[in-house]
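Subject: Structure handover

Dear colleague,

Please find the structure below. My notes on packing and aromatic contacts follow it.

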Amino acid sequence: MKHARNALFFIACVWVGLVVAQTVPAAAAPGVQSQNIMDVKPEANALPGYAEQTNGERSKVQPGNNAPMWRQVGSGVAGYSSLPVTQAPEAGNLIQPFVQYPGSRMTNAGQAWREVRNDWIIPYGGALVVIVVLAIALFYKAKGAMKLHGPLTGRKIERFTPFERAAHWSNAIAFCALGLSGLVMAFGKFFLQPALPNLLYGWITYALKNVHNFAGPLFAVSLVIVFVTFLKDNWPQKGDLNWILKGGGMVGGAEPASHRFNAGEKIVFWGGVFSLGIVVVSSGFVLDKIVPGLIYERSTMQIAHMVHAVATLLMVCMFLGHIYLGTLGQEGAYQGMSTGYVDEAWAKEHHQYWYEDVKSGKIPAQRSPPPAGALAGSGSTAAQA
């Protein structure tokens, strides 16, 4: 009986406590009180001028709703910043305003740049480079190197002076460093990162990024020297159109006559060295932040990157063909740039007009002092002239 009385007393106390808790209001908790928006009558979004409310006005009807502030941030409105505008013009701007770059939808500029890079430049640019490499490989497998159709004479003609070769090799080395580092930075995560530990891959890309930044100015200077050095022999001349129409003799038949540089080399000169060179170098200088007086906003860097990437990929594809023909693709071509001299038979077959000008004395066969013993016993044209 005693235990029964205790149980009944406990139940009665609990019941009294519940009744009191329901009748006595709870003490107000300090701070902002949350409120279920669905319980607000009428709903806050039905108020006049709801969409135009400031953040302070919105917090009165919907505590914690910061939509007006984030709407301003998303539209590109700049907030307060203690940094000087001349040094950091976008310091108070969290999100760029909406734009539409070619190939992107209408969205904020950062996302638009990301869409152009990830949806267009990377997949299509990478595919273009792979297609060109495969096309060169298939052509070499099917045709092999372009062989001379006659025996060598042993008589040499100076095709490139030491200065011309130094300018060319400086530019070629800088281009290879830039091309390799740029391709790894753009596409390395697809083919290199899966094969390496992440730490090693990170160090490699970091090193190549610095190589890219320092090789850029060397490439720009050497490109100017190459342009000035070879300009006089790259103007359109007799036979250029015929050379193009016949495909340079690569498909069938003998190579059409040409001057010191054929039409294909002139296309590389004007299209790659001059036109694409200006675009690549100028956009690269912007990315390196070495253009004086330029305000480096995010939009400036985004546009410079897109232009630089597209122009560089086109230049790489164009120069791949040039490299192929100057090495594996044409017998004797590499010797002209490595030693400076080519055989008369090579000159006559590949650059007949230039060979005829040399034989007639219009162009000297030897334009620089030959290295001691370099042409000894070779029966050089220079010695016989």
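Leaving aside neighbours within four places in sequence, F261 is in contact (heavy atoms within 4.5 Å) with R159, F160, F230, D233, N234, K266 and H351. This is a predicted model: local features need pLDDT of at least 70 and side-chain atom pairs count only at pLDDT 80 or more, while totals for chains, interfaces and linings use all residues. Residues are numbered from 1 along each chain as its sequence is written, and side-chain values use heavy atoms, with hydrogens and water left out.

F261 lies in the loop between α7 (240–245) and α8; helices (H or I, at least four residues) and strands (E, at least two) are DSSP runs, numbered from the N terminus. F261 is buried, at 8% relative accessible area. Buried means under 20% relative accessible area, exposed over 50% and partly exposed in between (1.4 Å probe, protein chains only). H351 is 90 residues from F261 in sequence, yet their C-alpha atoms are 7.3 Å apart.

Helix α12 (residues 352–359) has Y353, W354, Y355, D357 and V358 as its buried residues. These pack against β3 (156–158), β4 (341–343) and α11 (344–350). Two charged ends sit over rings in this helix (NZ of Lys or CZ of Arg within 6 Å of the ring centre and within 35 degrees of the ring normal): R159 over W354, 5.0 Å from the ring centre, and K238 over Y353, at 4.4 Å. After α12 comes G361, with a positive phi near 90°.

The largest nonpolar core (buried Ala, Val, Leu, Ile, Met, Phe, Trp, Tyr and Cys residues joined through side-chain atoms within 4.5 Å) has 24 residues, of which F175, F219, F230, V273, M315 and F319 touch the most other members. Two or more residues each come from α5 (162–191), α6 (198–230), α8 (263–287) and α9 (298–326). The largest share, seven residues, is from α6.

There are 15 aromatic pairs, counting rings of Phe, Tyr and Trp (its six-membered ring) with centres within 6.5 Å; planes under 30 degrees apart are stacked, over 60 edge-to-face and the rest tilted. W120 and Y124 are stacked, 5.3 Å centre to centre with 25° between the planes. They are four residues apart in helix α4 (residues 109–143), so about one helical turn separates them. F269 and W270 are edge-to-face, at 5.2 Å and 85°. F269 is buried at 5% relative accessibility, whereas W270 is partly exposed at 24%. Ring pairs join both of them with F227, W235 and F274 in a cluster.

Regards
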